[in-house]
Amino acid sequence: MSQHIARKRFGQNFLQDGGVIANIVNAIDPRDGDCLIEIGPGLAALTEPLLERISHMHAVELDRDLVTRLQNQFSNTQLTIHSQDALKFDFLSVDPEKKPRKVVGNLPYNISSPLLFHLADFTPNIDVQVFMLQKEVIERMVAAPSEKAYGRLSVMLQYRYEMEHLFDVPPHAFIPAPKVTSAVVRMYPRPVSQLQATDEAHLSKLVAQAFSQRRKMLRNTLSGVVSLVQLEACDIKPTARAEELSVADFVRLSNFLVNNNE
Ligand code: SAM
């Protein structure tokens, strides 16, 4: 096959480190009967070893040239290729009868946050996700309140998932090498009963507004949305900053406002 030149606009950094590849395959642990979906198979660095462990899987790839290569490399019975944008892909549309539903990928870094939010719409029906991302993004995903990296991404993803930062991956594990260090995260949906927002769209708006000026006090960032009395009724100090609130605090505040205000 002709050589493929990596395309920057598709976030293409191809994995070439066998040890890292094996660790990602082990982290998702594919088994026959699973519904396994890979995002961005690229030149099949993960797809090939995944298919040594499972007889059939799905892959979603945006780059048409890569889709053609994959179609030549694998039979339809092994790999169902969806020549689509993962940001628009319906992750529940394939093999609805199969369980567990697992999603894996060395994600295109240029779309990682919107892709994580798109996937969050399918929880709790995706049972586990394992992704390579920029290390800095994973640090934001798993950060605790008052840590520098704690923000909207931390709150909204921790609301939905339990997450483990599994290991770091240096730039030389890829061709071409990215400028940043990468890492691998595993994400499990939280049981619905643990922390339930009455209105998730309201929670999402409230968190975005609270973090819009993260160094300012909530009584300023949320003025017009919540009164001092309401903050106190939720055991939240009006002088606190968004970065000091836990996920449970945000859910409690959002539920209080939805149930008492609107
Ligand atoms: N899995 C391969 C590997 O580990 O070597 C390639 C990983 S590369 C970082 C990201 C892959 O995602 C590329 O194959 C790229 O073409 C694909 N991609 C980029 N944007 C995409 C999108 N919106 N939907 C689906 N695939 C996309």
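Here are three short exercises on this predicted model, each with a worked solution.

Two housekeeping points before you start. Residue numbers count from 1 along each chain as its sequence is written. Because the model is predicted, local features need pLDDT of at least 70 and side-chain atom pairs count only at pLDDT 80 or more, while totals for chains, interfaces and linings use all residues.

**Exercise 1. Work out how strand β2 sits in its sheet, and which way its residues point.**

Step 1: Find the strand. β2 covers residues 35-39; strands (E, at least two residues) and helices (H or I, at least four) are DSSP runs, numbered from the N terminus.

Step 2: Check burial. Five of its five residues are buried, meaning that 20 or more other C-beta atoms, placed from the backbone, lie within 10 Å of a residue's own (12 or fewer is exposed, in between is partly exposed).

Step 3: Sort the faces. In a regular strand, side chains alternate between the two faces of the sheet. Cys-35, Ile-37 and Ile-39 point one way, Leu-36 and Glu-38 the other.

Step 4: Look for partners. Two strands pair if DSSP finds at least two bridges between them. β2 runs parallel to β5 with four bridges, and Leu-36 is matched with Lys-102 there. β2 is also parallel to β3 (residues 57-60), over three bridges, where Ile-39 faces Val-60.

**Exercise 2. Trace the neighbours of strand β6.**

Step 1: Start with β5 (residues 101-106), which is parallel to β6 and joined to it by five bridges. Val-104 has Val-130 as its bridge partner in β6.

Step 2: Go to β9 (residues 182-189). This pairing is antiparallel, over six bridges, and puts Met-132 opposite Val-184.

Step 3: Ask about cover. Five of the seven residues of β6 (128-134) are buried, so the strand is largely enclosed by the rest of the structure.

**Exercise 3. Take two positions from the UniProt "binding site" annotation, Glu-61 and Asn-106, and describe their surroundings.**

Step 1: Read the record. The unreviewed entry lists both, along with Asn-13, Leu-15, Gly-40 and Asp-85; such annotations may be inferred rather than shown by experiment.

Step 2: Place Glu-61. It lies in the loop between β3 and α3, and counts as buried because it has 24 C-beta neighbours inside 10 Å. Its contacts (C-beta atoms within 7 Å), leaving out residues up to four places away in sequence, include Gly-40, Leu-66 and Ser-83.

Step 3: Place Asn-106. This residue is in β5 and is buried, with 29 other C-beta atoms within 10 Å. Beyond four places in sequence, Asn-106 touches Leu-15, Gly-40, Leu-46 and Met-132.

Notes: Contact = placed C-beta atoms within 7 Å.
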